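Open the model in your viewer and keep the selection tool ready. The tour goes from the sheet to the loops and then to a helix pair.

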Amino acid sequence: LYFSAHWCPPCRQFTPMLKKFVEILQATGDTSLKIVFVSRDKSEVDMWKYIHEAHGNWYAVPFSSDMRESLCRRYAVSGIPSLVVLNQVGQPAVPMHTTVSQVLGAAASSTHVLSTYFQWRSLAGVP
């Protein structure tokens, strides 16, 4: 789950790095990582503008859905950008305070992307 907004400067810096992270994985033939965008934008127009300008081919929680607030509460999201890596039963598999920095540190190198992602898969209990 990726919590972010167009109005947030750190989000606008991080989103291209997350997109690159996913694209590096996909270039190796691994399409198993799915990003679900949970918008913290102020309007649906802003959300769609952000998606079209900066995101990859990601899923998105509908702007009008109560699920956006529910997910923020469930995963105790207090700031953005936030990236929650989930296990197969919907529990956080990686400490949330580390995921953004892990992506930032890995995105420059395909080797680092792969090792970070395989670590996440291991922590999530995915073979």
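Two strands pair if DSSP finds at least two bridges between them. Helices (H or I, at least four residues) and strands (E, at least two) are DSSP runs, numbered from the N terminus. This is a predicted model, in which local features need pLDDT of at least 70, side-chain atom pairs count only at pLDDT 80 or more, and totals for chains, interfaces and linings use all residues. Residues are numbered from 1 along each chain as its sequence is written, and side-chain values use heavy atoms, with hydrogens and water left out.

**Stop 1: the sheet**

Select strand 1 (residues 2-4) and strand 2 (residues 36-39). They run parallel and are joined by 3 bridges. Pick Ser4: its bridge partner in strand 2 is Ser39. Now trace the chain from strand 1 through helix 1 to strand 2; this β-α-β crossover is right-handed. The term applies if, with the strands pointing away from the viewer, the path from the first strand over the helix to the second runs clockwise.

Add strand 3 (residues 59-60). It runs parallel to strand 2, with 2 bridges between them. Phe37 has Ala60 as its bridge partner in strand 3. Strand 2, helix 2 and strand 3 make another β-α-β unit to trace, and this unit is right-handed.

Show the whole sheet. In what order do the 4 strands lie? The order is 3-2-1-4, in an open sheet with mixed pairing. Strand 3 and strand 4 are the edge strands, each pairing on one side only. Helix 2 packs on the sheet and touches strand 1, strand 2 and strand 3. Its direction makes about 145° with that of strand 2. Angles here run from 0 to 180 degrees between N-to-C directions, and axes are lines fitted to C-alpha atoms, for helices over the stretch in contact. Contact means heavy atoms within 4.5 Å.

**Stop 2: Phe3 and Ala5**

Select Phe3 in strand 1. Is Phe3 buried or exposed? Phe3 counts as buried, because its relative accessibility is 0%. The cut-offs are under 20% relative accessible area for buried and over 50% for exposed, with partly exposed in between (1.4 Å probe, protein chains only). Display the contacts of Phe3, leaving aside neighbours within four places in sequence: Val38, Arg40, Leu71, Cys72, Val77, Ile80, Pro81, Ser82 and Val84.

Step along to Ala5, in the loop between strand 1 and helix 1. Ala5 also counts as buried, at 0% relative accessibility. Not counting residues up to four places away in sequence, Ala5 touches Cys11, Arg40, Asp41, Tyr50 and Ile80. For a long span, draw a C-alpha to C-alpha line from Ala5 to Ala124: 26 Å in space, 119 residues in sequence.

**Stop 3: the loop before strand 4**

Go to the loop between helix 3 (67-74) and strand 4 (82-83), where Pro81 sits. Which kind of peptide bond joins Ile80 and Pro81? The bond is cis, with omega about 5°.

Ala76 lies in the loop between helix 3 and strand 4. Check its backbone: phi is near 50°, a positive value in a residue other than glycine. Ala76 is exposed, with a relative accessible area of 54%.

Gly79 has its place in the loop between helix 3 and strand 4 too. At 33% relative accessibility, Gly79 counts as partly exposed. Turn back to Phe3 from here: the C-alpha atoms of Gly79 and Phe3 are separated by 8.5 Å, with the two positions 76 residues apart along the chain.

**Stop 4: Asp46**

Select Asp46 in helix 2 (residues 44-54). Asp46 counts as partly exposed, at 30% relative accessibility. Leaving aside neighbours within four places in sequence, Asp46 is in contact with His6 and Asp41. Add Trp7: its C-alpha is 8.4 Å from that of Asp46, and the two are 39 residues apart in sequence.

**Stop 5: helix 1 against helix 5**

Finish with helix 1 (residues 9-27) and helix 5 (residues 110-123). Their axes are 10 Å apart and the packing angle is about 90°. Helix 1 is therefore roughly perpendicular to helix 5, a term for angles of 65 to 115 degrees. Show the side chains: Phe21, Ile24 and Leu25 in helix 1 meet Ser110, Val113, Leu114, Thr116, Tyr117 and Trp120 in helix 5. Colour this contact by residue class: 7 nonpolar, 2 polar and no charged. Ala, Val, Leu, Ile, Met, Phe, Trp, Tyr, Cys and Pro count as nonpolar, Asp, Glu, Lys and Arg as charged, and the others, Gly among them, as polar.

Technical notes: Parallel < 35°, antiparallel > 145°, perpendicular 65-115°, else oblique.
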